[in-house]
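I am opening a fresh page for this one. My plan is to look things up one by one and jot down what I find.

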Amino acid sequence: MRLELEGGGSCELREGWLSAESATRLMEDLLHEIPWSQRHIRIAGKAVAEPRLSAWHGDPEATYWYSGVPHLPVAWTPALGELRQSLEQELQRPFNSVLANRYRDGRDAMGMHADDERELGPEPCIASVSLGMTRRFVMAPKKGRPGEKHELRLTHGSLLVMAGPMQRDWKHGVPREAHVFQERINLTFRLVQAVSRQRP
Ligand SMILES: O=C(O)CCC(=O)C(=O)O
């Protein structure tokens, strides 16, 4: 299904992009291969632990700035490298990095944000692969009509392609779901371009 968003951005969801067996095998591989850690961000001068585990993998040049701090990529793991190749073939687009998020249960979440960092360019194509229990994925406009929201359910093995000016106009996030006790993994493949930036 394809969602055309106000402002020209789009979201295309391909359910069952990976078969249930492949998705389950991939999830098991990634739980072991990825050096998961809990990052801290600064809020009002205090270090706050993110409510999830994460890792940043990619080609050596794919440095990503997050919360004012540069993150150097860790090398591709075998499973992530294979998945990158499949996505590049499927979408006919290059990706040089992936942000892996691991929601340990429904108490883990991702706040509303846009992937609008300069190094992703003005209209990034972001390919998001979901593994594990179905996750709610919420979208809301950055400005304009605050009541206008969209929600998708991201199933095991699904591929969500975010494209066009979506990141300019819309925020997205994964809310807490207290009734979920299983782990979930999300992988967002990106193309990071070199931009000159200085540590603030
Ligand atoms: O888990 C998700 O689908 C959200 C991931 C996300 O928002 C991100 O990586 O920027």
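**Entry 1: Ile-34.** Is Ile-34 buried or exposed, going by its C-beta neighbours inside 10 Å? I counted 20 or more as the mark of a buried residue, and Ile-34 has 21 such neighbours, so I put it down as buried. A reminder to myself: this is a predicted model. I looked up where Ile-34 sits, and found it in the loop between helix H1 (20-33) and S3. Setting aside neighbours within four places in sequence, I noted that Ile-34 is in contact with Ala-55, Thr-77 and Ala-100. I also took a C-alpha to C-alpha distance from Ile-34 to Val-74: 9.4 Å in space, with their positions 40 residues apart in sequence.

**Entry 2: His-57.** I moved on to strand S5 (residues 53-58), where His-57 has its place. His-57 has 22 other C-beta atoms within 10 Å, so I wrote it down as buried. From His-57 to Ile-34 I get 8.9 Å, C-alpha to C-alpha, for residues 23 apart in sequence. Which residues touch His-57, once neighbours within four places in sequence are left aside? My list reads Pro-73, Val-74, Ala-75, Trp-76, Thr-77, Leu-80, Ser-97, Val-98 and Ala-100.

**Entry 3: Ala-100 and the core.** Ala-100 turned up in both contact lists, that of Ile-34 and that of His-57, and I looked at it next. Beyond four places in sequence, Ala-100 is in contact with Leu-30, Ile-34, Ser-54, Ala-55, His-57, Ile-185 and Leu-187. I then pulled up the largest nonpolar core, which has 35 residues. Its members that touch the most other members are Leu-26, Ala-100, Ala-127 and Leu-160.

**Entry 4: the whole protein.** I stepped back for the overall picture. The protein has three helices and 15 strands. Its radius of gyration is 16 Å, close to the 16 Å that the globule rule gives for 200 residues, so I note it as being as compact as a globular protein of that length. The C-alpha trace spans about 40 × 35 × 35 Å along the principal axes. Buried residues come to 30% of the 200 residues. Among contacts with a separation of 6 or more, 76% join residues 24 or more positions apart.

**Entry 5: the ligand.** What surrounds the ligand? I wrote down Leu-99, Asn-101, Met-110, Asp-115, Ser-128, Arg-135, Phe-137, Leu-154, His-172, Val-174, Asn-186 and Thr-188. Strand S8 (97-103), strand S11 (135-141), strand S14 (170-174) and strand S15 (184-190) each give two or more residues to this shell. Sorted by type, the shell holds five nonpolar, five polar and two charged residues.

**Entry 6: Asp-108.** I followed the chain from S8 into the loop that leads to strand S9 (110-113), where Asp-108 is found. Asp-108 has 20 C-beta neighbours inside 10 Å, so it counts as buried. Not counting residues up to four places away in sequence, Asp-108 touches Pro-51, Arg-52 and Tyr-103. I checked Asp-108 against Trp-170 as well: they are 62 residues apart in sequence and 22 Å apart in space, C-alpha to C-alpha.

**Entry 7: positive phi.** Which way does phi go at Ala-44? I read a positive value near 50°, in a residue other than glycine. Ala-44 lies in the loop between strand S3 (40-43) and strand S4 (46-49), and with 5 other C-beta atoms within 10 Å it is exposed. Gln-92, also not a glycine, has a positive phi of about 55°. I placed Gln-92 in the loop between helix H2 (78-91) and S8, and with 7 other C-beta atoms within 10 Å it is exposed.

**Entry 8: strands S1, S2 and S13.** I finished with some pairings. Strand S1 (residues 2-4) and strand S2 (residues 10-14) run antiparallel and are joined by three bridges. Leu-3 has Cys-11 in S2 as its bridge partner. The hairpin of S1 and S2 has five residues between the strands, and there I noted Gly-7 with a positive phi near 105°. S2 also pairs with strand S13 (residues 159-163), in the antiparallel sense, over five bridges. For Ser-10, I found the bridge partner in S13 to be Ala-163.

Note on methods. Residues numbered from 1 in each chain as written. Predicted model: local features only at pLDDT ≥ 70, side-chain atom pairs only at ≥ 80, totals over all residues. Near = placed C-beta within 6 Å. Helix = DSSP H or I, 4+ residues; strand = E, 2+ residues; numbered from the N terminus. Nonpolar A, V, L, I, M, F, W, Y, C, P; charged D, E, K, R; others polar. Rg over C-alpha atoms; globule rule 2.2 N^0.38 Å. Buried ≥ 20, exposed ≤ 12 C-beta atoms within 10 Å, placed from the backbone. Contact = placed C-beta atoms within 7 Å. Core = buried A, V, L, I, M, F, W, Y, C linked by C-beta atoms within 7 Å. Pairing = 2+ DSSP bridges.
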